[in-house]
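Trainee: Could you take me through one part of this model closely, the sheet and what packs against it, and explain how its strands are arranged and what surrounds them?

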Amino acid sequence: MRKKGEIVMLKKILVPLDGSELAERALPYATALGEKFEAELILLMVLQPYLLPPATGHYGDVVYIDYPRMEERRKEAEAYLARIRDRLTGQKIAARVEVLENLAVADGIVDVAVEEGVDVIVKTTHGRSGFSRWVYGSVATKVLQEAPCPVFLVRVTGG
C-alpha cells in the first residue's frame with residue numbers, strides 16, 4: 001500500500017491487444033503514460049488454443065488442440081505486435097512484444113502482469129452489458145478483479 005504523498009513511478013506498462021481497432025484505442029493512453037514516466041510498454045496478445053470436439057479412442061475421450069495452426073497464429077500475432085512496437089519506437093517509446101497461449105485470456109494477462117512485475121495494465125473494455133456480457137464474460141472485469149496492480153480501463157463502444 002502506498003503512503004500518502006508517495007510519488008508514483010511507472011516502469012512497466014502492460015497493454016493487452018487482440019488485433020482489433022477497438023483494443024488499439026488503449027494505445028494513446030498507454031503511450032502518454034509511457035512518455036510521462038519513461039516506462040516500457042509490454043504489448044501482449046493472448047492466443048486461445050482451438051479446442052476440437054472430443055473423439056472417442058482406445059483410451060476414452062480426448063480433446064485435441066490444433067497446434068500446427070497455433071504456430072501460424074503465433075507468427076501472425078508477433079508480426080502484428082511488432083508493427084505496433086515499431087510505430088511506437090518511432091515516437092521514442094520503449095516497447096516489446098509478448099505472445100502467449102492460455103485458455104483464459106484474462107488469466108494470461110494477469111499471469112504476465114505478475115511475472116513481469118508491471119505497474120499498470122492499460123486496456124479497453126468493449127462495453128458489453130446484459131446477455132452478451134453474460135455469454136462472453138468480461139475479460140476487463142476479470143483482469144480488474146485479479147490484477148496485482150492498477151488497471152486503467154478505456155471504455156470503448158462501437159467499432
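Mentor: Before we begin, one cut-off is needed: a residue counts as buried when its relative accessible area is under 20%, as exposed when that area is over 50%, and as partly exposed in between. With a relative accessible area of 40%, tyrosine 29 is therefore partly exposed, and we shall come back to this residue once the sheet is laid out. Please keep in mind throughout that the model is predicted.

The sheet is an open one of five strands, in the order β5-β2-β1-β6-β7, and its pairing is parallel. The edges are taken by β5 (95-101) and β7 (151-155), each of which has a single partner strand, so that one side of each is left without a neighbour in the sheet. On average, and with direction ignored, neighbouring strands of this sheet are turned by 25° against each other.

Strand β1, which covers residues 12-16, has four of its five residues buried, so this strand is largely enclosed by the rest of the structure. Toward strand β2 (residues 40-47), β1 pairs in the parallel sense over five bridges, and here proline 16 stands opposite leucine 44 of β2. Toward strand β6 (residues 120-125), β1 again pairs in the parallel sense, over two bridges, with valine 120 of β6 as the bridge partner of isoleucine 13.

Strand β6 in turn pairs with β7 in the parallel sense over five bridges, and lysine 123 stands opposite leucine 153 in β7. Two helices that pack on the sheet can be added here. Helix α4 (residues 105-116) touches β1, β2, β5 and β6, and its direction makes about 145° with that of β2. Helix α6 (residues 139-146) touches β6 and β7, and its direction makes about 160° with that of β6.

Within β6 it is worth looking at threonine 125, which counts as buried because its relative accessibility is 17%. Leaving aside residues up to four places away in sequence, threonine 125 touches Ala140, Val154, Arg155 and Val156.

Now we can return to tyrosine 29, which belongs to the one aromatic pair that is counted. The ring centres of tyrosine 29 and phenylalanine 152 lie 5.5 Å apart and the ring planes stand at 40°, so the pair is tilted. This pair links distant parts of the chain, since tyrosine 29 is in helix α2 (residues 27-37) and phenylalanine 152 in strand β7, 123 residues apart. Phenylalanine 152, with a relative accessible area of 32%, is partly exposed.

Terms used
Residues numbered from 1 in each chain as written. Predicted model: local features only at pLDDT ≥ 70, side-chain atom pairs only at ≥ 80, totals over all residues. Heavy atoms only, no water. Buried < 20%, exposed > 50% of the residue type's maximum accessible area, 1.4 Å probe, protein only. Pairing = 2+ DSSP bridges. Contact = heavy atoms within 4.5 Å. Axes fitted to C-alpha atoms, helices over the stretch in contact; angles between N-to-C directions. Phe/Tyr/Trp six-rings, centres within 6.5 Å; stacked < 30°, edge-to-face > 60°.
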